[in-house]
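Please read the following points alongside the sequence and the structure. They are arranged by region, beginning with a residue in a loop.

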Amino acid sequence: MFTFIPEYKSIREVLTDQKLAALGDAYVNFVYSVALSKRKGEPTGAKVDSRLLAEALRKSGLRKLLPSRIDRHRQADAAEALIVYAWVRNVMTIEEGVSILEQRENMVEAFCSFLLTAKRRLNL
């Protein structure tokens, strides 16, 4: 279905794909907004802060796969790329992502879990 997205052989390739990260930005914000909407009981639109995603990436241990001199925004991009790649490869559904995010109060922990689940299922 997504023939325009290459099949990557390593997690590092996924984490550093800026075009994939651009798609991931919209996807992550959508999943986050649905999770917040379910929690609040009303439609809510929200954007995930790059600090939150960068912290979740570090907490997950995936930060070490990126170049040492990379800013917080690029770290957040890496997280977004990995999350959307798991969806594109049909190893995680939108509903699973929403469920992971709505189960935890701490969003850093929630996104850390999201990232680790995506990585494990992609088996890269």
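1. The model discussed here is predicted. A polar contact opens the list: a polar atom of the Thr-44 side chain lies 3.1 Å from the backbone oxygen of Glu-42. Thr-44 itself is found in the loop between helix 2 (18-40) and helix 3 (50-60).

2. Is Thr-44 buried or exposed? Its relative accessibility is 19%, and because buried means under 20%, Thr-44 counts as buried. Leaving aside residues up to four places away in sequence, Thr-44 touches Ser-33, Leu-36 and Ser-37.

3. Helix 3 should next be considered together with helix 4 (residues 72-88). The axes of the two helices come within 8 Å and cross at roughly 70°. Helix 3 is therefore roughly perpendicular to helix 4, since angles of 65 to 115 degrees are placed in that class.

4. Which residues of helix 3 meet helix 4? On the side of helix 3 they are Ser-50, Arg-51, Leu-53, Ala-54, Leu-57 and Arg-58. Their counterparts in helix 4 are Arg-72, Gln-75, Ala-76, Ala-78, Ala-79 and Glu-80. Sorted by class, the contact of helix 3 with helix 4 has 6 nonpolar, 2 polar and 4 charged residues.

5. The length of helix 4 can be checked by a short calculation. Helix 4 has 17 residues, and at 1.5 Å a residue these should span 24 Å. The expected span is 1.5 Å times one less than the number of residues. The end C-alpha atoms of helix 4 are 24 Å apart, so the model agrees with the expectation.

6. Helix 4 is mostly covered, as 13 of its 17 residues are buried. At the start of helix 4, a side-chain oxygen of Asp-71 reaches to within 3.3 Å of the backbone nitrogen of His-73.

7. Just after helix 4, Asn-90 deserves attention for its backbone: it has a positive phi of about 60° although it is not a glycine. Why is this worth noting? Most residues other than glycine have a negative phi. Asn-90 lies in the loop between helix 4 and helix 5 (94-103). With a relative accessibility of 70%, Asn-90 counts as exposed, because the exposed class begins over 50%.

8. Asn-123 also has a positive phi, near 55°, and is a residue other than glycine. Asn-123 is found in the segment after helix 6. The relative accessible area of Asn-123 is 68%, and Asn-123 is therefore exposed.

9. Within helix 6 (residues 107-122) lies Thr-117. At 10% relative accessibility, Thr-117 counts as buried. Which residues does Thr-117 touch, not counting residues up to four places away in sequence? They are Met-92 and Ile-100.

10. The last point concerns Gly-61, whose place is in the loop between helix 3 and helix 4. Gly-61 has a relative accessible area of 27% and is partly exposed, because this value falls between the limits of 20% for buried and 50% for exposed. Gly-61 and Phe-4 are 57 residues apart along the chain, and their C-alpha atoms are separated by 29 Å.

Conventions: Residues numbered from 1 in each chain as written. Predicted model: local features only at pLDDT ≥ 70, side-chain atom pairs only at ≥ 80, totals over all residues. Heavy atoms only, no water. Helix = DSSP H or I, 4+ residues; strand = E, 2+ residues; numbered from the N terminus. Buried < 20%, exposed > 50% of the residue type's maximum accessible area, 1.4 Å probe, protein only. Polar contact = N/O pair within 3.5 Å; in protein donor to acceptor, adjacent residues only side chain to side chain. Contact = heavy atoms within 4.5 Å. Axes fitted to C-alpha atoms, helices over the stretch in contact; angles between N-to-C directions. Parallel < 35°, antiparallel > 145°, perpendicular 65-115°, else oblique. Nonpolar A, V, L, I, M, F, W, Y, C, P; charged D, E, K, R; others polar.
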